[in-house]
Amino acid sequence: MDKLRLPIIKGDLPEPKSLSMDEYLEFVQFNLQYTVDIEASRRWKKVFFVNIPFHLH
């Protein structure tokens, strides 16, 4: 396996920002709105749903 060539960060990193619950909820809803296609996800679930009973012996 080849070695990873990750960038070397020079300087100080900024302090992480704390989010309130309202800000976090807004962040999650924004990401869901623009990154997840809920209708496509529901269609895929129907395609892959197993409707045949099975038994483990």
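How many salt bridges does a search of the whole structure find? The search finds 1 salt bridge. The legends below cover that pair, a surface patch and the chain overall. The model is predicted.

**View 1. Arginine 42 pairs with glutamate 39 in a salt bridge.** The closest N and O atoms of the two residues are 3.3 Å apart. That falls within the 4 Å cut-off for a salt bridge. Both partners belong to helix α2, which spans residues 38–48. They sit 3 residues apart, about one turn of the helix. Arginine 42 has a relative accessibility of 48%, so it counts as partly exposed. Glutamate 39 is also partly exposed, because its relative accessible area is 46%. No other salt bridge turns up, as the search of the whole structure gives a count of 1.

**View 2. Four residues make up a nonpolar patch on the surface.** The members are Leu19, Met21, Tyr24 and Phe27. Together they offer about 460 Å² of accessible area. Leucine 19 lies in the segment before α1, a helix that covers 21–35. How accessible is leucine 19? Its relative accessibility is 43%, so leucine 19 counts as partly exposed.

**View 3. The backbone carries 2 helices and 0 strands.** The C-alpha atoms fill a box of roughly 60 × 45 × 25 Å along the principal axes. The radius of gyration of the chain is 22 Å. A compact globule of 57 residues would come out near 10 Å.

**View 4. The surface of the chain has an accessible area of about 6,900 Å².** Carbon and sulfur atoms account for 61% of that area. Of the 57 residues, 2% count as buried. Buried here means under 20% relative accessible area.

**View 5. The chain holds 8 positive and 8 negative charges.** How far apart are the mean positions of the positive and negative charges? They are separated by 11 Å.

Methods:
Residues are numbered from 1 along each chain as its sequence is written. This is a predicted model: local features need pLDDT of at least 70, side-chain atom pairs count only at pLDDT 80 or more; totals for chains, interfaces and linings use all residues. Side-chain values use heavy atoms; hydrogens and water are left out. Patches are made of residues with over 30% relative accessible area and no salt bridge: like charges are joined within 9 Å, nonpolar side chains (Val, Leu, Ile, Met, Phe, Trp, Tyr) within 5 Å. Accessible areas come from the Shrake-Rupley method with a 1.4 Å probe; for residues, only the protein chains shown count as cover. A salt bridge is a side-chain nitrogen of Lys or Arg within 4 Å of a carboxyl oxygen of Asp or Glu. Helices (H or I, at least four residues) and strands (E, at least two) are DSSP runs, numbered from the N terminus. Buried means under 20% relative accessible area, exposed over 50%, partly exposed in between (1.4 Å probe, protein chains only). The radius of gyration is taken over C-alpha atoms; the globule rule is 2.2 Å times the number of residues to the power 0.38. Lys and Arg count as positive and Asp and Glu as negative; His and the chain ends are not counted. The place of a charge is taken as NZ of Lys, CZ of Arg, CG of Asp or CD of Glu.
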